[in-house]
Amino acid sequence: MTDTVNPGGDTLNPPLFNYATLAITGEVDRIRRGVQPAAWARAGAMLLKAPAVFTVGTGRSGLALQMAAMRLMHLGLSVHVVGEVTAPAIGPDDVLIAASGSGTTKRVVQAAETARKQGANVVALTTAPDSPLASVSTEVLVIPAADKQDFDGKVSDQYAGSLFEQSVLLLTDALFHALWRSSGTQATELWRLHANLE
Ligand SMILES: O=C([C@H](O)CO)[C@H](O)[C@H](O)COP(=O)(O)O
């Protein structure tokens, strides 16, 4: 056992836990106020017109985006998660949603480059507007969170890319909610598409 990691000490400190919940919700609210709704609206319009939507991301960024993929499927869009064995080829006018806080993760950048070569649009969710991912994307949704290696605590008190990953979930849920409500579809209609093999 390494002596450099102490997994939580002996007990969880309740005041520290309460502080953490407040700190995290405060940080997420700051992100919410810092995004550009017009860019999200453009991305939403692009998704609705796309023959198919793909999502890509690694680690926690990819996991957060998989939740968005499920909700977009519930909206009736044709959605695929890159790396799943059932994901088909991406083609012209399809949309690849790519989440990478750093904007440098190789697998994500390479997928975005391939998507553009095939005539698809790429919507990037990233903290880094000058990153390789942003430079290859059609629409860049900047999430002003900390990069996973910003350890100075200036942008976020949380560990690594946590704030980015939470924001991906919050903002894509907001995108889904806005698209759903403006469609006028009843929740019972959406529920027909919910997994029944679970
Ligand atoms: O899982 C992750 C890590 O724990 C950071 O909090 C990241 O999502 C993963 O490393 C991918 O990184 P980015 O592409 O920079 O989002």
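**Ligand site and overall fold**

In this predicted model, the ligand occupies the space of the second largest pocket. The shell around the ligand comprises T58, G59, R60, S61, S100, G101, S102, T105, K148, A160, G161 and E165. Grouped by class, this shell contains eight polar residues, three charged residues and one nonpolar residue. Among the secondary-structure elements, helix 3, spanning residues 59–74, makes the greatest contribution to the shell, supplying three residues.

Polar contacts to oxygen atoms of the ligand involve both side-chain and backbone atoms of the protein. For S61, a polar side-chain atom is placed 2.6 Å from a ligand oxygen. S100 likewise directs a polar side-chain atom to a ligand oxygen, at a separation of 2.7 Å. In the case of G161, a polar backbone atom lies 3.0 Å from an oxygen atom of the ligand. Of the 410 Å² that the ligand exposes when taken alone, 83% is buried by the protein.

The protein as a whole contains seven helices and five strands, arranged along the sequence in the order α-α-β-α-β-β-α-β-α-β-α-α. Its radius of gyration is 18 Å, which is close to the 16 Å given by the globule rule for 198 residues; the protein is therefore as compact as a globular protein of that length. Along the principal axes, the C-alpha atoms fill a box of roughly 50 × 40 × 35 Å.

How values were computed
Residues are numbered from 1 along each chain as its sequence is written. This is a predicted model: local features need pLDDT of at least 70, side-chain atom pairs count only at pLDDT 80 or more; totals for chains, interfaces and linings use all residues. Side-chain values use heavy atoms; hydrogens and water are left out. A residue is near a molecule or strand if one of its heavy atoms lies within 4 Å of it. A polar contact is a pair of N or O atoms within 3.5 Å; within protein, one must be able to donate a hydrogen and the other to accept it, and residues adjacent in sequence count only if both atoms are side-chain atoms. Accessible areas come from the Shrake-Rupley method with a 1.4 Å probe; for residues, only the protein chains shown count as cover. On a 1 Å grid over the protein atoms alone, a cavity is a set of points where a 1.4 Å probe fits but cannot get out, and a pocket is an open set with protein on both sides within 12 Å along at least five of seven lines; lining residues have an atom within 4 Å of a point. A molecule sits in a cavity or pocket if more than half of its atoms lie within 2 Å of its grid points. Helices (H or I, at least four residues) and strands (E, at least two) are DSSP runs, numbered from the N terminus. Ala, Val, Leu, Ile, Met, Phe, Trp, Tyr, Cys and Pro count as nonpolar, Asp, Glu, Lys and Arg as charged, and the others, Gly among them, as polar. The radius of gyration is taken over C-alpha atoms; the globule rule is 2.2 Å times the number of residues to the power 0.38.
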